[in-house]
Amino acid sequence: MLFEVITGIFLTAVVVLLLLYVFPMCSMHPLASGEIEGTDIIAIHNRINNLFFIPLDGDWIVIDAGSDARLVKREMERMSIDGHSVKSVFLTHTDYDHVASIVLFPNAVIYMSEREKQMIDGSTYRQFLKKNKLPSLCDSNKIIYLSEHEVIELPPAGAEVDNLHGHQRDSLCKHKVRMIEAPGHTKGSAMYVVDEKYLFTGDAFKIVDDHVLVHPYTMDRTQAKETIHAVKDELKKYEKVFTAHYGLIENDIN
């Protein structure tokens with residue numbers, strides 16, 4: 001009798017685990033690795049999500065950093081991308097599947113929202129007893145925390161800069177990256193607008209049949225819905241919307 005009870009509890013736990021953690025992954029459809037048509041942006045497919053490489057006059061800007069550094073490195077080598085040429089990494093948040101490949105970019109400055117700092121400094125749990133953390137080789141002195149709508153101007157290689165943010169002293173700025181707070185998935189989830197043309201959403205929401213919905217594994221669903229309500233109309237302003245797990249959005253979004 002006791003054995004049957006234990007078996008029943010175990011099977012129930014397995015079913016719940018499948019429903020909560022495994023099943024949502026089945027609906028994810030990240031882009032294949034390669035250059036995005038009509039842009040010079042390169043997507044790298046890393047298990048169930050993408051990270052994005054944006055060229056910067058011989059160097060690279062990267063949005064998010066994937067879950068498996070080994071696989072990312074293999075794809076980078078296939079596309080002749082040198083990790084030492086990555087100068088800036090913009091993290092939408094600090095879940096494990098968005099930070100693993102930071103170790104491949106030793107020369108990069110890391111950007112994230114100021115509100116996300118609590119997720120890696122030990123003050124906020126991600127879930128239960130689990131806390132987020134950056135890879136052990138990550139240099140905390142190279143992290144810059146951004147405020148809402150702060151704009152980072154990124155210069156071409158070799159241009160003189162006046163501080164760690166990379167703000168340029170002349171007019172040669174190549175790209176501008178603006179941070180938009182999008183809390184809910186984590187406390188400090190963010191999105192990034194590049195050159196006011198392309199929006200990178202991370203896990204701020206998911207897209208199903210052109211409908212914007214709460215992303216799986218979200219910490220605060222109520223806050224995530226508030227974020228969706230706040231940014232929904234903004235999505236149509238951009239030429240392309242890049243999600244981390246659900247590919248590229250170019251159609252009408254409802």
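Which residue in β2 is the bridge partner of glycine 34? The partner is alanine 43. Let's see what surrounds this pair.

## How confident is the model?

What you are looking at is a predicted model, so confidence is a good place to start. The mean pLDDT of the protein is 86, and 82% of its residues reach 70 or more. Among the elements, helix α1 (residues 2-26) has the lowest mean pLDDT, 57, while strand β10 (residues 190-194) has the highest, 98. There is also a stretch to read with care: over residues 167-172 the pLDDT is below 50. Even so, this stretch has 14 contacts in the model beyond near neighbours in sequence.

## Two hairpins that share β2

Strands of a sheet pair through backbone hydrogen bonds, either parallel or antiparallel. Strand β1 (residues 34-35) and β2 run antiparallel, joined by 2 bridges. Together they form a hairpin with 6 residues between the strands. In that turn, glycine 38 has a positive phi of about 85°.

Now follow β2 (residues 42-46) onward. It runs antiparallel to strand β3 (residues 49-56), and 5 bridges join the two. This hairpin has 2 residues between its strands, and arginine 47 in the turn has a positive phi of about 60°. Beside that turn, asparagine 46 has asparagine 49 of β3 as its bridge partner. Strand β2 is also mostly covered, with 4 of its 5 residues buried.

## An open sheet

Elsewhere, 6 strands make an open sheet in the order β8-β9-β10-β11-β14-β15, with mixed pairing. Its edges are β8 (151-154) and β15 (248-249), each of which pairs on one side only. Strand β8 pairs with β9 (residues 175-181) in the antiparallel sense over 4 bridges. Within this pair, isoleucine 152 is matched with its bridge partner in β9, valine 177.

## What fills the inside?

In soluble globular proteins, nonpolar side chains tend to be buried together. Here the largest nonpolar core has 25 residues, and those with the most contacts inside it include Phe53, Met76, Phe105 and Leu134. At least two residues of this core come from each of β2, β3, β4 (59-63), α2 (69-78), β5 (86-90) and β6 (109-113). The largest share, 3 residues, comes from α2.

Which residues does leucine 134 contact, leaving aside its neighbours within four places in sequence? They are Leu91, Thr94, Val99, Ile102, Met112, Ile120 and Ile143. A second, separate core has 24 residues, among them Ile41, Ile54, Ile61 and Val177. You have already met valine 177, the bridge partner of isoleucine 152.

Note on methods
Residues numbered from 1 in each chain as written. Predicted model: local features only at pLDDT ≥ 70, side-chain atom pairs only at ≥ 80, totals over all residues. Heavy atoms only, no water. Buried < 20%, exposed > 50% of the residue type's maximum accessible area, 1.4 Å probe, protein only. Pairing = 2+ DSSP bridges. pLDDT = per-residue confidence, 0-100. Contact = heavy atoms within 4.5 Å. Core = buried A, V, L, I, M, F, W, Y, C linked by side-chain atoms within 4.5 Å.
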